[in-house]
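Me: Please take a close look at one part of this structure and stay with the geometry. Give the cut-offs for each term as you go.

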Amino acid sequence: MTPAVTLVILDRDGVINQDSDDYVKSLDEFLPYPQAIEAIARLSQAGWTVAVATNQSGIARGYFDVATLEAMHAKMQELVNAAGGKIDHIAYCPHGPDDGCSCRKPLPGLLNGIRDVLKLETLEGAWMVGDSLRDLQAGDAAGCQSSLVRTGKGAHTEQKGEGLDHARVFDDLAAFTDWLLC
Ligand SMILES: [Mg+2]
Ligand SMILES: [Zn+2]
């Protein structure tokens, strides 16, 4: 049965590209996983809408600016396009943990924003894929199904084991995509 909403929302760092404890601060430090780019293209080609929801507090902390972030996202989109797919919307939170915003995951603001931009009535049936607990919590809060990947911080998140009761766990985005499209 086709789900009501064919949407996959991806966290960025640790899912699409290598994460860094020192933040991904420049285009040079933005290192996409080839398997993830390929997987996004496969999702698009199979008719899934793909969006990205990413916390980027490095902006609030002054480590990089919005223009740099947009350059990374242009690069990401370009790679996905070259692989034959597209990212339909990229939502990011530029705030820090103490800014009191409503978009920083684990809050569902970014995901609800994606729902509105894509003119969907609900996120029921949509997937949220991340490598951190807060991604899954944001997904749960927005009514998505949640999946953890072991790339980035994912193996550590799995090891901690907290909050994973409803999450499917996969090695990486390629493995999630294999499962979703099978
Ligand atoms: Mg992440
Ligand atoms: Zn925010």
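Reply: Tyr-23 sits in the loop that runs between strand 1 and helix 1 (helices are DSSP runs of H or I with at least four residues, strands runs of E with at least two, numbered from the N terminus). Its phi is near 75°, a positive value in a residue other than glycine. With a relative accessible area of 26%, Tyr-23 is partly exposed (buried is under 20%, exposed over 50%, partly exposed in between, with a 1.4 Å probe and protein chains only). The model is predicted: local features need pLDDT of at least 70 and side-chain atom pairs pLDDT 80 or more, while totals for chains, interfaces and linings use all residues. Residues are numbered from 1 along each chain as written, chains are lettered from A and ligands numbered from 1 in the order written, and side-chain values use heavy atoms, without hydrogens or water.

The same loop holds a metal donor, Asp-13, between strand 1 (7-10) and helix 1 (34-45). The magnesium ion (ligand 1) has as its protein donors Asp-11 through OD, Asp-13 through O and Asp-131 through OD, at 2.1 to 2.2 Å. Asp-131 belongs to the loop between strand 4 (127-130) and helix 4 (133-141), so Asp-13 and Asp-131 tie together parts that are 118 residues apart in sequence. Donors here are N, O and S atoms within 2.8 Å of the metal, or 3.2 Å for Na, K and Ca; water is not among the atoms, so a site may look incomplete. Along the chain the donors of the magnesium ion (ligand 1) follow D-x1-D-x117-D. Two of these donors can be placed by accessibility: Asp-13 is buried at 12%, and Asp-131 is buried at 1%.

One of those donors, Asp-11, is also touched by Lys-105. Lys-105 lies in the loop between strand 3 (89-93) and helix 3 (109-117) and is buried at 2% relative accessibility. Leaving out residues up to four places away in sequence, its other contacts (heavy atoms within 4.5 Å) are Ala-53, Thr-54, Asn-55, Met-128, Arg-134, Asp-135 and Ala-138. From Lys-105 to Pro-106 the peptide bond is cis, with omega near 25°. Pro-106 belongs to the loop between strand 3 and helix 3 as well.

Next comes the zinc ion (ligand 2), coordinated at 2.0 to 2.3 Å by Cys-93 (SG), His-95 (ND1), Cys-101 (SG) and Cys-103 (SG). Its donors are spaced C-x1-H-x5-C-x1-C along the chain. Angles between the 4 donor atoms run from 100 to 116°, which makes the arrangement tetrahedral (for four donors, all angles between 85 and 135 degrees). The ideal angle for four tetrahedral donors is 109.5 degrees. Cys-93 is buried at 0%, and Cys-101 is buried at 18%.

After helix 3, the loop to strand 4 contains Lys-119. Lys-119 is not a glycine, yet it has a positive phi of about 55°; at 74% relative accessibility it counts as exposed.

Strand 4 leads on to the aromatic residues. Trp-127 in strand 4 and Trp-179 in helix 6 form a pair, which ties together parts that are 52 residues apart in sequence. This pair is edge-to-face, 5.3 Å centre to centre with 80° between the planes. Rings of Phe, Tyr and Trp (its six-membered ring) pair when their centres lie within 6.5 Å; planes under 30 degrees apart are stacked, over 60 edge-to-face, and the rest tilted. Trp-127 is buried at 7%, whereas Trp-179 is partly exposed at 28%. Phe-170 and Phe-176 make an edge-to-face pair too, at 5.7 Å and 80°, with Phe-170 buried at 11% and Phe-176 buried at 0%. Trp-127, Phe-170, Phe-176 and Trp-179 form one aromatic cluster. The whole structure has 6 aromatic pairs.

Helix 6 (residues 173-181) has as its buried residues Leu-173, Ala-174, Phe-176, Thr-177 and Leu-180. They span an arc of only 160° around the axis, which puts them on the same side of helix 6 (the arc is taken from the directions from the helix axis to the C-beta atoms). Their cover includes strand 1, helix 1, strand 4, strand 5 (145-149) and strand 6 (168-170). At the start of helix 6, a side-chain oxygen of Asp-172 comes within 3.2 Å of the backbone nitrogen of Ala-174.

Definitions and conventions: Four donors count as tetrahedral if all angles lie between 85 and 135 degrees; four count as square planar and six as octahedral if opposite donors are over 155 degrees apart and all others between 65 and 115; anything else is irregular. A polar contact is a pair of N or O atoms within 3.5 Å; within protein, one must be able to donate a hydrogen and the other to accept it, and residues adjacent in sequence count only if both atoms are side-chain atoms.
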